[in-house]
Amino acid sequence: MTIQADQETVTVEAFINGQHVKSLSQLAKENPANPTEIVGYFPVTTKEQAVTAIEAAAGAFKTWKQTSIGERITRMRKAIEKIRAAENDIVHLLSREHGKPLYDAHGEIFVSLMWMEFACNEAASVLADEVQEHDHGKTIVSYDPIGVVAAISPWNYPIALSTIKIAPALLAGNTIVLKPSPYAPLAAAKVAEIIASEFPAGVINVVYGDADVGVELTSHPLVTKIAFTGGTATAKHIIKAASETIKDMTLELGGNDAAIFLESFDVQDERAMRRIVISNFLTTGQICMIAKRVYVHRSIYNEFVEKYIEAANRWIRIGDPFDPNTTVGPVNNLKQREYVNGLVEDAQKRGAKVIPLGQILDQKQFEQGYYLQPTLVLDCDAHDPIVVEEQFGPTVPVLPFDDEEQVIKLHNESIYGLTSSVWGKEEDAISLARQLEAGTTMINTAAVQGLDVRFPFGGFKQSGIGREYGAEGILTYTEKHVINVPKMLDLPYIPE
């Protein structure tokens with residue numbers, strides 16, 4: 001069934017202490033597939049409103065931290081059911097404001113709910129006190145909530161990368177102030193408010209705005225933890241702003257994730273070739289953990305390129321996100337489109353060969369939106385900008401390598417280390433994977449296809465600080481509190 005995209009304009013407002021708060025001005029969010037269409041409006045939150053939200057969260061924390069883990073889980077499960085009931089409406093809004101094809105938007109909801117359910121299932125055991133009786137007495141290790149969390153989410157996966165913060169923060173007994181990205185604020189706001197409807201006033205607050213609001217969230221003394229997903233350059237400003245009050249931080253940042261194809265990789269494996277194409281161009285290449293540079297052993301390089309182009313031309317269909325035939329939608333915003341296009345043009349000027357991929361379903365639609373045709377870039381140097389920078393768009397360079405030592409060096413010399421993937425015989429792939437500097441390395445798959453929310457996710461080097469998902473993704477919103485009950489209350493060598 002074809003779903004129509006023509007829906008009413010949506011307006012969201014700041015949500016502070018359980019109430020919608022009006023702002024003096026609003027900004028419009030356009031549809032990337034048709035920028036003349038306004039999907040909705042979101043407010044420009046003032047610095048003063050941001051402070052009010054922080055204070056509301058701090059006030060709510062005093063009582064929320066005292067609630068039982070059972071109550072927190074029950075409330076979160078009710079929120080999950082409400083999100084599931086509203087899924088179609090959320091997906092349609094997300095597709096319109098972001099540019100994701102419908103299947104991709106459903107996939108984001110799927111990942112979000114999968115994580116929230118995992119967090120609910122594991123929270124009681126993960127957050128339980130550890131009690132040890134030993135020769136010296138008894139020690140209790142409790143996992144206490146930190147306080148007010150400032151959560152800043154990006155535009156590429158606005159719902160998943162908001163709920164990855166909201167669910168564990170609240171289950172651990174914290175309160176939160178969420179700031180969605182101005183490039184995709186609407187669906188994330190709706191989901192946050194659905195969750196907030198199951199929690200006491202002040203536990204979840206949502207604000208918007210620019211640098212003033214961001215600085216307040218990252219520097220205010222009542223904020224005790226920052227959870228940020230976004231660019232490394234922005235993270236440097238956050239670290240500076242937080243330094244005055246020494247805040248706890250979880251930063252999931254950029255990645256220039258490599259896919260390495262060993263000599264043992266079977267280029268005739270059509271399913272594997274399809275997986276790597278999807279790993280390059282899902283969400284129009286706008287995923288932090290997507291494969292952004294591809295290294296192929298020289299012995300299979302030419303055949304790999306041939307089979308890759310065949311697989312890409314079968315899977316990539318560029319069009320309206322509401323067209324069920326579309327697999328690749330527009331780039332989310334004009335600034336990002338210009339940046340990616342600039343990298344491709346720079347590569348061409350340096351002598352690279354740029355090969356367009358896939359089928360444009362509607363040329364008129366393509367020309368009116370923020371579209372870029374996916375491209376394969378060949379014959380570039382290993383240190384060209386299109387290789388060493390995070391493109392975050394629908395283009396991928398493919399380079400040959402001669403031996404493992406060379407490709408390990410090329411991989412590890414990057415300032416990033418979020419994810420990587422190695423393709424070939426499993427034993428060979430795991431052996432090489434152990435030598436890569438990355439938070440996650442996937443074998444014979446990559447990107448979202450290899451994500452498992454049961455295990456920690458994060459990066460090496462400038463790809464971030466800390467981990468999300470898994471038990472660590474819950475514990476990162478707590479502080480260990482050690483309570484010692486020693487048998488010997490006095491030191492043995494103190495004189496009477």
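Is Tyr 493 buried or exposed?

## Tyr 493 and the nonpolar patch

In this predicted model, Tyr 493 is exposed, because its relative accessible area is 61% and the cut-off for that class is over 50%. The place of Tyr 493 in the chain is the segment that follows strand 25, a strand running over 478-486. Together with Leu 491 and Ile 494, Tyr 493 makes a nonpolar surface patch, for which the computed area is about 360 Å².

## The negative patch

A second kind of surface patch, negative in charge, is formed by Asp 403, Glu 404, Glu 405, Glu 426, Glu 427 and Asp 428. Two helices, helix 14 (404-412) and helix 15 (426-433), each supply at least two residues of this patch, and helix 15 gives the most, with three residues.

Glu 404, one of the residues that form the negative patch, is found in helix 14. With a relative accessible area of 35%, Glu 404 is partly exposed, because that value lies between the limits of 20% for buried and 50% for exposed residues.

## Overall form

The protein as a whole has 16 helices and 25 strands, and of its 496 residues 57% count as buried. Along the principal axes, the C-alpha trace spans about 80 × 60 × 40 Å. The radius of gyration is 24 Å, which agrees with the value near 23 Å that a compact globule of 496 residues would have.

How values were computed: Residues are numbered from 1 along each chain as its sequence is written. This is a predicted model: local features need pLDDT of at least 70, side-chain atom pairs count only at pLDDT 80 or more; totals for chains, interfaces and linings use all residues. Side-chain values use heavy atoms; hydrogens and water are left out. Patches are made of residues with over 30% relative accessible area and no salt bridge: like charges are joined within 9 Å, nonpolar side chains (Val, Leu, Ile, Met, Phe, Trp, Tyr) within 5 Å. Accessible areas come from the Shrake-Rupley method with a 1.4 Å probe; for residues, only the protein chains shown count as cover. A salt bridge is a side-chain nitrogen of Lys or Arg within 4 Å of a carboxyl oxygen of Asp or Glu. Lys and Arg count as positive and Asp and Glu as negative; His and the chain ends are not counted. The place of a charge is taken as NZ of Lys, CZ of Arg, CG of Asp or CD of Glu. Helices (H or I, at least four residues) and strands (E, at least two) are DSSP runs, numbered from the N terminus. Buried means under 20% relative accessible area, exposed over 50%, partly exposed in between (1.4 Å probe, protein chains only). The radius of gyration is taken over C-alpha atoms; the globule rule is 2.2 Å times the number of residues to the power 0.38.
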